[in-house]
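Please look through the sequence and the 3D structure below before reading on. The briefing after them goes from the whole chain to its parts.

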Amino acid sequence: MMCPYCDSAETRVIDTTRKAHSVRRRRECKSCGRRFSTMERAIMQAPLVVKRDGRRETFDREKIVSGLRVACARRPVSAGDLERVVDRVESRIREAGKTEVPTRTIGDLVIEELKVLDPVSYIRYAIVYLGLEDLDEVRAEVYRLLEESER
Ligand SMILES: [Zn+2]
């Protein structure tokens, strides 16, 4: 870190204050002797979520978790399993590095994970979030799943 007064690269840290999501350092320039502070802060690359009606909202991990809890109610899926699903979905969204992500994309990622985790929870989730509206669609999806699992 160069000195902001004289551009010397020779500075030393004289004090460090660590907080949960940031680090503040008090520095002293070895050339001009002036002191300054630097702040290091995590930059969260959470994209905006674009809803079906076009509205945007901030990415909310809790929303995904609560949707999953409903889908997995009374199924052999632990809270830890759900956290891991959301972790994977969240990191895939962040890795994609987009500034906006449609709810549908998030739903698709969740569904991929659920399919592996528990087929019943998967169907429940699909009914709500994929908007499988009538019995025929649900039945078609169940048959597709059954075929896949027989392979
Ligand atoms: Zn200086």
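The points that follow describe the overall form, the two sheets and the helices in turn.

This is a predicted model, and the protein in it has five helices and six strands. Read from the start of the sequence to its end, these elements follow the pattern β-β-β-β-β-α-α-β-α-α-α. The radius of gyration is 24 Å, well over the 15 Å that the globule rule gives for 151 residues, so the protein is more spread out than a compact globule.

**Overall form and domains**

- Along its principal axes, the C-alpha trace of the protein spans about 75 × 35 × 25 Å.
- The domain assignment gives domain 1, which covers residues 11–41, and domain 2, which covers residues 48–150.
- The centres of domain 1 and domain 2, taken over C-alpha atoms, are separated by 44 Å.
- Buried residues make up 15% of the 151 residues in the protein.
- Among the contacts between residues at least 6 apart in sequence, 40% join residues that are at least 24 apart.

**The sheet formed by S1, S2 and S3**

- Three strands form an open sheet in the order S1-S2-S3, and the pairing in this sheet is antiparallel.
- The edge strands of this sheet are S1 (11–18) and S3 (35–41), each of which pairs on one side only, and the twist averages 25° from one strand to the next.
- As a general point, the strands of a sheet pair through backbone hydrogen bonds, and this pairing may be either parallel or antiparallel.
- Strand S1 is joined by seven bridges to strand S2 (residues 22–29), and the two strands run antiparallel; S1 and S2 also form a hairpin with three residues between them.
- Within this pair of strands, Arg12 stands opposite Glu28 in S2, while the bridge partner of Thr17 in S2 is Arg24.
- Strands S2 and S3 likewise pair in the antiparallel sense, over seven bridges, and they form a hairpin with five residues between them, where Gly33 in the turn has a positive phi of about 80°.
- Glu28 has Arg35 as its bridge partner in S3, and Glu28 also stands opposite Arg12.

**The sheet formed by S4, S5 and S6**

- Another open sheet of three strands has the order S5-S4-S6, and its pairing is mixed.
- Strand S5 (56–58) and strand S6 (100–102) stand at the edges, each with a single partner strand, so one side of each is left without a neighbour in the sheet.
- In this sheet the twist averages 35° from one strand to the next.
- Strand S4 (residues 48–50) and strand S5 pair in the antiparallel sense over three bridges, and the bridge partner of Val50 in S5 is Arg56.
- Helix H3 lies across S4 and S6, and H3 runs at about 65° to S6.

**Helix H4 and its surroundings**

- Which residues of helix H4 (residues 119–129) are buried? They are Ser121, Tyr122, Tyr125 and Ala126.
- These buried residues cover an arc of only 135° around the axis, which puts them on the same side of H4.
- What covers the buried residues of H4 includes three helices, namely H1 (61–71), H3 (103–117) and H5 (135–150).

**Arg69 in helix H1**

- Arg69 is found in helix H1, and H1 is one of the elements that cover the buried residues of H4.
- Why does Arg69 count as partly exposed? Arg69 has 13 C-beta neighbours inside 10 Å, whereas a residue is called buried if 20 or more lie within that distance and exposed if 12 or fewer do, so Arg69 falls in between.
- Arg69 and Ala126 are 57 residues apart along the chain, and their C-alpha atoms are separated by 14 Å; Ala126 is among the buried residues of H4.

Definitions and conventions. Residues numbered from 1 in each chain as written. Predicted model: local features only at pLDDT ≥ 70, side-chain atom pairs only at ≥ 80, totals over all residues. Helix = DSSP H or I, 4+ residues; strand = E, 2+ residues; numbered from the N terminus. Rg over C-alpha atoms; globule rule 2.2 N^0.38 Å. Contact = placed C-beta atoms within 7 Å. Domains from an automatic or database assignment. Arc of directions from axis to C-beta. Pairing = 2+ DSSP bridges. Axes fitted to C-alpha atoms, helices over the stretch in contact; angles between N-to-C directions.
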